[in-house]
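Q: Please take a close look at one strand and its surroundings. Then set that part in the context of the whole model.

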Amino acid sequence: MAELTIIEAIRAAIQGEMERDERVMVLGLDVGRLGGVFRTTDGMIEKFGRSRVFDTPLAEASIVGSAIGLAISGMIPVAEIQFLGFTHQAFHQMGDQLGRFRYRSRGRYPLPITVRAPMGGGTKTPEFHPDAIEAQFVQSPAIKIAVPSNPYDAKGLLIEAIRDPDPVLFIEPERLYRKGRAEVPDDDYRVPFGKARIVREGDDLTLIGWSAAVEVCEQSAAKLAEQGIQAEVIDLRTLVPLDVETLVTSVTKTGHCVVVHEAPLSAGFGAEVVATLQQEAFYALDAPIARVASFDTPYPPASLETAWLPSVGRVVSAALRTVKA
Amino acid sequence: MADQDGVYQVLQPSGKLKAGAKPALDDEFVLEGLRWMLLSRAFDAKATALQRQGKFGVFSPVLGQEAAVVGSALAFDPRIDWLVPQYRELPAYLIWGLPLRNHILTLSGNPVAGRIPDDVKLLPTQVALAAQLPHAVGIAWGLQIQGREGAVLTYFGEGASSEGDFHEACNLAGVVKAPIVFFLQNNQWAISTPRAYQSAAAHFSDRAAGYGFEGRVVDGNDLLAVYEVTREAVERARRGDGPTLIEAVTYRMSFHNTTDNPSRYQPPEELEEARLLDPIERVEAYLRERGLWSVEREKEMKQAAAEEIEAAIAEAQKAPPPQPSQIFDNVFAELTPRQAAQRDEMLGRSGDDG
């Protein structure tokens, strides 16, 4: 068991899968000699060669589009899009193509493809790099979406994604890539999709987050504990499939809930979580569910992003309003 | 459509060989090509009629482009090669081994029964224009990585070549030297938008130079020329010498699809001119000259095509109709709990949304 960062955990997952199955290949911008702009594929081109670790032309639609053909030919592609915001350049190849081939072909062409991309702000990157647009893919109903928040889940969910017979959008928390280490088993293990993780137990309030927002929830829970409020923190791990049961069980226990995400508020995935909970746990609720999200504006200049992103302060105030309602 | 424009031609519109031209197809093969062309045209007429009666969905005829589709498809080996279609290339799907019955089922709203058989290396038709091109490149590239034999034929039109996917796909194919033939059918119309509005380039095939591979422009109404140029491109792909972009200059002699009304935009004299260049009549004239085509022979072949279509329609009618529960089939290998609950709710079983 080694202590790994999220980057190292992701690298371990890809490398292990490439060693295990020679059909697994990596393609994307700068994934070869450079090892990816975040070094997630560091050392792989030396080990597996250019045909399996391929620096593509700078063109996102053909990264995803050719991955579809590669999969049909018998490969298991792991495509990297440098930042989730740039998946817009490939959007028509994702929802309309990647997510529909099994369906359109009536099962003839399943697509075992993983598309990886980092998401989220807080690192003062230029425009588009930090955009949290995960909810836009939830409306493409045949793509699974994993949103890990820590090294253990990053490795286990990525192995699960690569072995999944269907397309998975694997969204990585950029801000947390190298922030801290955690114990990660050396051998391979799978974290199943659709099972949320209870990060911290508590009876007074449920805080729900995914990706880097889980860290904000954890820090908020620590602050709330200082005021005697015990928050339960839940990390969704995957948006599709969604673990409704764990959410309902927690909210039934606490009666209060705040959902936190980095995407702008309106029609963010938090809206889906809230709508689901009001349907499934309405009578357990003691107060309306609150959402803490980014504002409904374009992503602001980097110098202003901390005022825009959901912060511990905003989550704590929302939690206090909810609990005291 | 003459050599001085750089458009390759073997058969003149009269059906006579161009001076010095030697057909690469033997007579039997030309007859086989004509058989596919006649079947395609007969199916266009039948399918249009059935669409008007509400029995088929929206349908895009091949009419006028039969030589381009049949000539290119016959240059491949469907046992090892892949076909990545747009949607206006029926005879190619049949040449690849798709039963006509399956195509009819798909057109009549029963895609479940119309599924592409496992041994047919054909992708489903693609409604998003040019979106299939990166897929085609990926297949060709994947065959290359795995050291497997086989090349890829992909179809699209001059309109679709304005899409970004065309550029990205050609560019990647050139970089990896993918064994692929990009077959552009320039039928002069993208619904109502004329060819000149799509590109200022003299020929669409000129763009190949920008991607570092071969581009050829061919008379798309000339079965022999199309076959020959495509055959060369297939051989190039098999040798490992990379992609080819072929522009087949042809003409859409019918509507874009059954919802379209070309009389709103198409100059009637242009259509009249195009009819003089009919690709089927050209092959018939060529064969007649060689003593291989007669009124009786034509009657026989058309009769056989009509019977094949009627038999396929009858077969299709025997297929079980689609069921609402099939809405949830083949979404994922396994439905998510939420999808399963929605299916159960639709089917009136117990279960809430969620």
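A: A residue is called buried if 20 or more other C-beta atoms, placed from the backbone, lie within 10 Å of its own, exposed if 12 or fewer do, and partly exposed in between. The model is predicted: local features need pLDDT of at least 70, side-chain atom pairs count only at pLDDT 80 or more, and totals for chains, interfaces and linings use all residues. Residues are numbered from 1 along each chain as its sequence is written, and chains are lettered from A and ligands numbered from 1 in the order in which they are written.

The part chosen is strand β7 of chain B, residues 244-249 (strands are DSSP E runs of at least two residues, helices H or I runs of at least four, numbered from the N terminus). Because 6 of its 6 residues are buried, β7(B) is largely enclosed by the rest of the structure. Cover is found on both faces: one carries Thr244(B), Ile246(B) and Ala248(B), the other Leu245(B), Glu247(B) and Val249(B), and all of these are buried.

β7(B) runs parallel to β3(B), residues 180-186, with 6 bridges between them (pairing requires at least two DSSP bridges). In this pairing Phe183(B) is the residue opposite Ile246(B). Strand β6(B), residues 214-219, is also joined to β7(B) by 6 bridges, again in parallel. There, Gly215(B) faces Leu245(B).

Ile180(B) lies in the residue range of β3(B). Beyond its neighbours within four places in sequence, Ile180(B) is in contact with Ala136(B), Val137(B), Ala140(B), Ala151(B), Val152(B), Thr154(B), Ala173(B), Ala237(B) and Pro243(B) (contact: C-beta atoms, placed from the backbone, within 7 Å). Ile180(B), Ala140(B) and Val258(A) have the most contacts inside the largest nonpolar core, which holds 202 residues (such a core joins buried Ala, Val, Leu, Ile, Met, Phe, Trp, Tyr and Cys through C-beta atoms within 7 Å). Helix α8(B), residues 223-239, supplies the largest share of this core, 9 residues.

The contact between the chains takes 35 residues from chain B and 40 from chain A. On the chain B side, α5 (132-145), α6 (164-176) and α12 (337-346) each supply at least two residues, and α5(B) gives the most, with 10. By class, this side has 20 nonpolar, 9 polar and 6 charged residues (nonpolar: Ala, Val, Leu, Ile, Met, Phe, Trp, Tyr, Cys, Pro; charged: Asp, Glu, Lys, Arg; polar: the others, Gly among them).

Chain B is divided into domain 1 (3-322) and domain 2 (323-354), under an automatic or database assignment. Their centres, taken over C-alpha atoms, are 39 Å apart. In chain A the division is domain 1 (2-184) and domain 2 (197-324), with 26 Å between the centres, taken over C-alpha atoms. The contact between these two domains of chain A takes 27 residues from domain 1 and 24 from domain 2.

Val258(A) falls within β13(A), residues 257-264. That strand is part of an open sheet of 5 strands in chain A, ordered β9-β11-β10-β13-β14, with mixed pairing. β9(A) and β14(A) stand at the edges with a single partner each, so one side of each is left without a neighbour in the sheet. β9(A) and β11(A) pair in the antiparallel sense over 3 bridges, and Ile198(A) stands opposite Ile234(A) in β11(A).

Terms used. Axes are lines fitted to C-alpha atoms, for helices over the stretch in contact, and angles run from 0 to 180 degrees between N-to-C directions.
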